[in-house]
Amino acid sequence: MAVLRYLKHIRFQFMIHKTFCMVVELSKMEDILMPPTAARGMKVLDKELLKKTITVPCLDIEEKVVNPSLKLIRNYTLKLPNFKPVVPVNSSETSSDKIADKISERRVFLNPKIISSFNDFDPSIQQKLAEFNVKPRNLKSCSITLTYDNWKPDDLFRTIIPPEVGSFSSYSIIGQIIHINLKDHLVDYKHVIGQILFDKIPTCKTVVNKIGSINNEYRTFNMEVLCGSPDLATTVKENNCTFEFNFRDVYWNPRLGAEHARIVSRMKRNDILFDVFAGVGPFVIPAAKICHKVYANDLNPACHEALQRNIFLNNVGSKVETFNKDAKFFITEDFKRIALQLSQNPEVRDAQIHIIMNLPESAVTFLKYFVGLFSPAELNLLHSFTELFLVHVYCFIKATEENKLELAEAVVKTSLGNPSSLLIQESAIVRNVSNNKEMIRVSFFLTENLLRNRYFENLGPPPSKKFCHDER
C-alpha cells in the first residue's frame, strides 16, 4: 500500500510539473508576437530596438490552389499590421523537380499561437487541404523579421511602459487631432506615446496632451503639442453634421456624440430649442435640421464664432439665432422675451420647448434664473406649449456614490429652491468621466409652479388714494 501511495504521489507530482511546463511554454508563445522587451522603459522612441526575428510555421502551396486553400485556413494565418501573410516562395528554396516542372508556389505564414503542427488544423480542414495536395510535408518553419511597423499602438505601449509604472490606452480623436490626458506616472513617457500615436493613426496631424485642470470661464484647458503641427484648427464629423473649430480655443468632447444624437432624436418638427451653453453647436446643428427654430448661446467668443461658421457650413442659417452672452442674461432677457413672442405664433402651437444646459461643472447654478421668471399674466400666454419647458441639465456626481441618479436629482431640486415637487421626465448616466466622477443628465419640466413669479400675487390690492389737506 505504501508503495502504491508513493507511486500515486510521484504521478501527481509529474502531472503538476507537466502542467507547469505547459503554462510556461504557453506564456512564451503568447509573447512571441509582442514587441521585444529590449524596448521596455524607453522614453524617446528608438525604432531599432523594436526589431525582432522570430520563427513561425508556414505552408508552401501551389499557386493554382492558393485561393481556395486560403479560404480554408484564413483563421490560422498570421495577421499583423503592414505584414503580407502570403508571399512568393524563393526559387532557391524550391526543389529541383518543381523547378523542372515550372511549378510556382506561395508561402502562407501561420499564427504560431495557433499552429505548431499540421494536426493543429481542424480535421475537416486537413481533409480538404489534402484534396489540394496540401499535406504535412508542406508545413515548414521559417524566420521573419518584425519591425516597428508591424505592431499596433496598444502592443507597443504594453511593451514599452513597465507594468509597475502603469498602462496607457485612452485617447480621443478630434478630427485630425489626437488628445491625451496623461496622469503623472506617465508624463516621463509622453514623447514616445505621442510619437507612436502620430505614426500609427493615419489621419493624425497633431498629438496634444492636456496640462492642468479646466479652471477658466470658457471651459478650455492648457495643452502641449507632443508631436506634429502646432496648428489646432480641425474638422469633425458627427451625426451627419460638419464642425470646424480651433481645439485650443473651444471645448469639444467626442465621447458625447451618442448623447447629442439621443436628445436631438426626441425633437419634432415644430419644437423649439434653447441651448444655453451651445459651444460650437453639437446639439444646435443637428436639431436645426429638425426643429422649427433654435436659439443658441455661448459666452466664449471663439465658440460663438465657430458656431456661426458651422451654421453656414451645414446650411441651417434660417433656423438658428445665436447669442454671445452670460447665461444669466440669456435666460432672464432673451429666453423670456422669445418665449412670450413664440406663444403668439400659431405655427408652434402645442410645441415642446427644449432647454439644453450642457455645462456639467456649473449648469445647475443657473437654474435659479428660471424660478419666478414670469408673471401670472405672462404665464397665461404660455399655455399653448406642451407641458411648458423641458430642461436637460447636466451635472457631475461622485462615481463612488451608489444612488447617483437620486443625488443628481437632489442637486437639481436644491438649485431650484427645493420646490415641493419636481416633474422629472428622465435621469440618466451619460458617461464615466474618471474613477471619481460621473456625468449625469436630469431631464425635468419647468412647470407653471416653478415659473410663476409670486411677487406679483403678494402685492395685494393697490393702496387707496390719499389727499393732503391745508389746515391753515
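This is a guided tour of one predicted protein model, stop by stop.

**Before you start**

Residues count from 1 along each chain as its sequence is written. The model is predicted, so local features need pLDDT of at least 70 and side-chain atom pairs pLDDT 80 or more, while totals for chains, interfaces and linings use all residues, and side-chain values use heavy atoms, without hydrogens or water.

**Stop 1: the whole chain**

Show the cartoon. The protein has 14 helices and 17 strands. These are DSSP runs, numbered from the N terminus: helices are H or I with at least four residues, strands are E with at least two.

Switch to the surface. About 25,600 Å² is exposed, and carbon and sulfur atoms supply 52% of it. Areas come from the Shrake-Rupley method with a 1.4 Å probe; for residues, only the protein chains shown count as cover. Of the 472 residues, 45% are buried. Buried means under 20% relative accessible area, exposed means over 50%, and partly exposed lies in between (1.4 Å probe, protein chains only).

Now consider contacts, meaning heavy atoms within 4.5 Å. Among contacts between residues at least 6 apart in sequence, 70% join residues at least 24 apart.

**Stop 2: the 46-residue core**

Select Ile355, Met357 and Phe389. They have the most contacts inside the largest nonpolar core, which has 46 residues. Such a core is a set of buried Ala, Val, Leu, Ile, Met, Phe, Trp, Tyr and Cys residues joined through side-chain atoms within 4.5 Å.

Colour the elements that build this core. β11 (272-275), α10 (327-342), β14 (353-357), β15 (389-397), α12 (404-415), β17 and α13 (448-451) each supply at least two residues. Helix α10 gives the largest share, eight residues.

Centre on Phe389. Beyond its neighbours within four places in sequence, Phe389 has contacts that include Phe335, Ala339, Ile355, Phe374, Phe444 and Leu451.

Then move to another core, which lies apart from the 46-residue one. This second core has 38 residues, among them Met223, Val264, Val284 and Leu307. In soluble globular proteins, nonpolar side chains tend to be buried together.

**Stop 3: aromatic rings**

Show Phe, Tyr and Trp side chains. The whole structure has 18 aromatic pairs. Rings of Phe, Tyr and Trp (its six-membered ring) pair if their centres lie within 6.5 Å; planes under 30 degrees apart are stacked, over 60 edge-to-face, and the rest tilted.

Select Phe274 and Phe330. The two rings form a tilted pair, 6.4 Å centre to centre, with 55° between the planes. Phe274 is in strand β11 and Phe330 in helix α10, 56 residues apart. Both are buried.

Next, select Phe283 and Tyr394. This pair is also tilted, at 6.4 Å centre to centre and 35° between the planes. Phe283 lies in the loop between β11 and α8 (284-288) and Tyr394 in strand β15, so the pair ties together parts 111 residues apart in sequence. Phe283 is buried at 2% relative accessible area, and Tyr394 is buried at 0%.

Finish here with one aromatic cluster: Phe274, Tyr295, Phe323, Phe330, Phe335, Phe370, Phe374, Phe385 and Phe389.

**Stop 4: salt bridges**

The whole structure has 18 salt bridges. Each is a side-chain nitrogen of Lys or Arg within 4 Å of a carboxyl oxygen of Asp or Glu.

Select Arg106 and Glu63. Their side chains meet at 2.8 Å, N to O. Arg106 is in strand β3 (residues 105-109), and Glu63 is in the loop between β1 (52-62) and α2 (66-73), 43 residues apart. Arg106 is partly exposed at 22%, and Glu63 is partly exposed at 36%.

Go to Glu244 and Arg309. Their closest N and O atoms are 3.7 Å apart. Glu244 lies in strand β10 (residues 241-246) and Arg309 in helix α9 (residues 301-313), so parts 65 residues apart in sequence are tied together.

Now select Arg441 and Glu426, a salt bridge of 2.9 Å, N to O. Arg441 lies in strand β17 (residues 437-446) and Glu426 in strand β16 (residues 424-434), so this pair ties together parts 15 residues apart in sequence. Arg441 is buried at 1%, whereas Glu426 is partly exposed at 26%. Add Glu259, Arg262 and Arg266: salt bridges with shared partners join these residues, Glu426 and Arg441 into one network.

**Stop 5: cysteines**

Why is there no disulfide at Cys58? The sulfur of Cys58 is 3.3 Å from the closest cysteine sulfur, in Cys142, too far for a bond. A disulfide needs two cysteine sulfur atoms within 2.5 Å. The structure holds zero disulfides. Cys58 is buried at 0% relative accessibility, and Cys241 is buried at 2%.
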